[in-house]
Amino acid sequence: MRAEVEWVDSRERLPEDGTTVAAAITGRFAAGADEEDPIAGKEFWLVMPMSFVTRHFDEDGREYNDCFVDFDGYVRPPYGRDGDDPQICDDPITHWAELPTLPGTTAHYLVGEEAKAARDRALGEGT
């Protein structure tokens, strides 16, 4: 099976509120005390699952608008929107993509008996 996704530049369009997406993050590894660390200070780009929300309140009560929140509760803005302010975030979201649908379905996420039935059908074990 293959899944194709369309990467969207976060400067051009944002996902719908509450959507879980694959988000591409850009940042820089911290320079450590170990000068021999081969990745210290180097830039990176990686993909993580996140939710996009139009309004988010952090644990300290701070309000964020139009942001991506990872599953640890870390808030990241879209690239170019507060992403240049290191007090807010020094690793913004450059691109995002809708998650591919689950095998044999049109759904991105299922729970309970629906999840078991969909998995069984995809594995050829269902009716």
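What is the volume of the largest pocket? In this predicted model, the largest pocket has a volume of about 170 Å³. Empty space of this kind is revealed by rolling a probe the size of a water molecule over the atoms. The lining consists of Val5, Glu6, Val8, Arg13, Leu14, Pro15, Glu16, Thr19, Trp96, Ala97 and Glu98. Strand S6, spanning residues 93–98, makes the greatest contribution to this lining. That contribution amounts to three residues.

Val5, one of the lining residues, also belongs to a nonpolar patch on the surface. Its partners in the patch are Trp7 and Val47. Together the three residues present about 260 Å² of accessible area. Tryptophan 7 sits in the segment before strand S1 (8–9). The relative accessible area of tryptophan 7 is 40%, so the residue is classed as partly exposed.

Isoleucine 25 gives a contrasting case. The residue lies in strand S2, which covers residues 20–28. Its relative accessibility is 0%, so isoleucine 25 counts as buried. Beyond its neighbours within four places in sequence, isoleucine 25 contacts Phe44, Trp45, Leu46, Met48, Met50, Arg76, Asp91, Pro92 and Ile93. One of these contacts, proline 92, is 67 residues away in sequence. In space, the C-alpha atoms of isoleucine 25 and proline 92 are 5.7 Å apart.

Salt bridges were then examined. The whole structure contains seven of them. Three are described here in turn, beginning with aspartate 70 and arginine 76. The closest N and O atoms of this pair are 3.0 Å apart. Aspartate 70 has a relative accessible area of 8% and is therefore buried. Arginine 76 is also buried, because its relative accessible area is 7%, under the 20% cut-off. The pair does not stand alone: Asp70, Arg76 and Asp91 are linked in a network of salt bridges. Two members of this network, Arg76 and Asp91, are among the contacts of isoleucine 25.

A second salt bridge joins the side chains of glutamate 63 and arginine 55. The N to O distance is 2.8 Å. Glutamate 63 is partly exposed, with 37% relative accessibility. Arginine 55 reaches 52% and so counts as exposed, since the limit for that class is over 50%.

The third salt bridge is found within a helix. The side chains of lysine 116 and aspartate 120 meet at 2.9 Å, N to O. Both residues lie in helix H1 (residues 112–122). They are four residues apart, about one turn of the helix. Which end of this pair is buried, and which is partly exposed? Lysine 116 is partly exposed, at 41% relative accessibility. Aspartate 120 is buried, at 11%.

Backbone geometry singles out aspartate 66 for comment. Most residues other than glycine have a negative phi. Phi of aspartate 66 is near 45°, a positive value in a residue that is not glycine. Aspartate 66 lies in strand S4, residues 63–69. With 30% relative accessibility, aspartate 66 counts as partly exposed. Glutamate 63, one end of the salt bridge with arginine 55, falls in the class of partly exposed residues as well.

Note on methods. Residues numbered from 1 in each chain as written. Predicted model: local features only at pLDDT ≥ 70, side-chain atom pairs only at ≥ 80, totals over all residues. Heavy atoms only, no water. Patch = residues over 30% accessible without salt bridge, like charges linked within 9 Å, V, L, I, M, F, W, Y side chains within 5 Å. Areas by Shrake-Rupley, 256 points an atom, 1.4 Å probe, with all protein chains shown as cover. Salt bridge = Lys/Arg side-chain N within 4 Å of Asp/Glu carboxyl O. Helix = DSSP H or I, 4+ residues; strand = E, 2+ residues; numbered from the N terminus. Buried < 20%, exposed > 50% of the residue type's maximum accessible area, 1.4 Å probe, protein only. Contact = heavy atoms within 4.5 Å. 1 Å grid on protein atoms, 1.4 Å probe; cavity = no way out; pocket = protein on both sides within 12 Å on 5 of 7 lines; lining within 4 Å. Points joined across faces, edges and corners; volume = space filled by probe spheres on them.
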